[in-house]
Amino acid sequence: VEGYSQLGASTGASGRGGRLQIDATESIEVVGTGDRSVTNGLLARSLGSGDAGNVRIDTPRLSVRNGGTISVSSSSTGAAGNLDLTADRLILEGSQLTAETAAGDRANIRLQVSDLQLRQGSQIATNSTGIATGGNIQIETRTLVALENSDITANARQGQGGRVSVIAEGVLGTAFRSQ
């Protein structure tokens, strides 16, 4: 998925959004345009009262760079889906994995990755913009490297924020910030 392109499942009304499932035997590459105001990538979303679907990815190698996005979201009353990713190696370079909701159920991110690298201001984030409870982030990895102002956050504007849980043998480059 490259440039001004998206692969996704969505609903704009009361219907339920579809599920996006990718099983790649070699690799997946998501490359944005460098403009973070444009959503390039893999997504499941709801723009109305219907629930969004889930995104599930299973591949040996996943690279997301240059503003690319993998996302589940709901911008209205529908529940956002969950983002589940299994890979041997996940590299984020100036990109993001997000789960965002305005209402309804939590939007969660679950990563099972042997080698996880975040660089160039990359983000793994759950966000709750309304009164909804923020989603959780669960990471199981052998090594996690977060460099160059990259963040892993679970945020909520009005409701309770989610939890970030990391199970790893080695974590490098991260620093706790209370806000």
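**Loop residues, a surface patch and overall architecture**

Q120 lies in the loop that connects β9 (109–119) with β10 (123–128). In this predicted model, the phi angle of Q120 is near 60 degrees, a positive value for a residue other than glycine. With a relative accessibility of 48%, Q120 is classed as partly exposed, because the partly exposed class ends where values pass over 50%. A positive phi, near 65 degrees, also occurs at N149, which is again a residue other than glycine. N149 is placed in the loop between β11 (137–146) and β12 (151–156), and its relative accessibility of 58% puts N149 in the exposed class.

A further loop residue, N82, is located between β6 (68–74) and β7 (83–93). The relative accessibility of N82 is 17%, and N82 therefore counts as buried, the limit for that class being under 20%. When residues up to four places away in sequence are left aside, the contacts of N82 comprise G53, N54 and V55, together with V72, R106, A107, N108 and R110. For N108, the model also shows a polar atom of the N82 side chain at 2.9 Å from the backbone nitrogen of N108.

On the surface, V164, V166 and V171 make up a nonpolar patch, and their combined accessible area is about 200 Å². Of these residues, V166 belongs to strand β13 (residues 164–172), and V166 is rated as partly exposed at a relative accessibility of 39%.

At the level of the whole chain, the secondary structure consists of 13 strands and zero helices, so that the order of elements read along the sequence is β-β-β-β-β-β-β-β-β-β-β-β-β. Among the contacts between residues at least 6 apart in sequence, 80% bring together residues that are at least 24 apart. The C-alpha trace spans about 45 × 35 × 25 Å along its principal axes. The radius of gyration is 15 Å, in agreement with the value near 16 Å that would apply to a compact globule of 179 residues. Of the 179 residues, 46% count as buried, while the accessible surface of the chain amounts to about 8700 Å², with 41% of this area belonging to carbon and sulfur atoms.

Methods
Residues numbered from 1 in each chain as written. Predicted model: local features only at pLDDT ≥ 70, side-chain atom pairs only at ≥ 80, totals over all residues. Heavy atoms only, no water. Helix = DSSP H or I, 4+ residues; strand = E, 2+ residues; numbered from the N terminus. Buried < 20%, exposed > 50% of the residue type's maximum accessible area, 1.4 Å probe, protein only. Polar contact = N/O pair within 3.5 Å; in protein donor to acceptor, adjacent residues only side chain to side chain. Contact = heavy atoms within 4.5 Å. Patch = residues over 30% accessible without salt bridge, like charges linked within 9 Å, V, L, I, M, F, W, Y side chains within 5 Å. Areas by Shrake-Rupley, 256 points an atom, 1.4 Å probe, with all protein chains shown as cover. Salt bridge = Lys/Arg side-chain N within 4 Å of Asp/Glu carboxyl O. Rg over C-alpha atoms; globule rule 2.2 N^0.38 Å.
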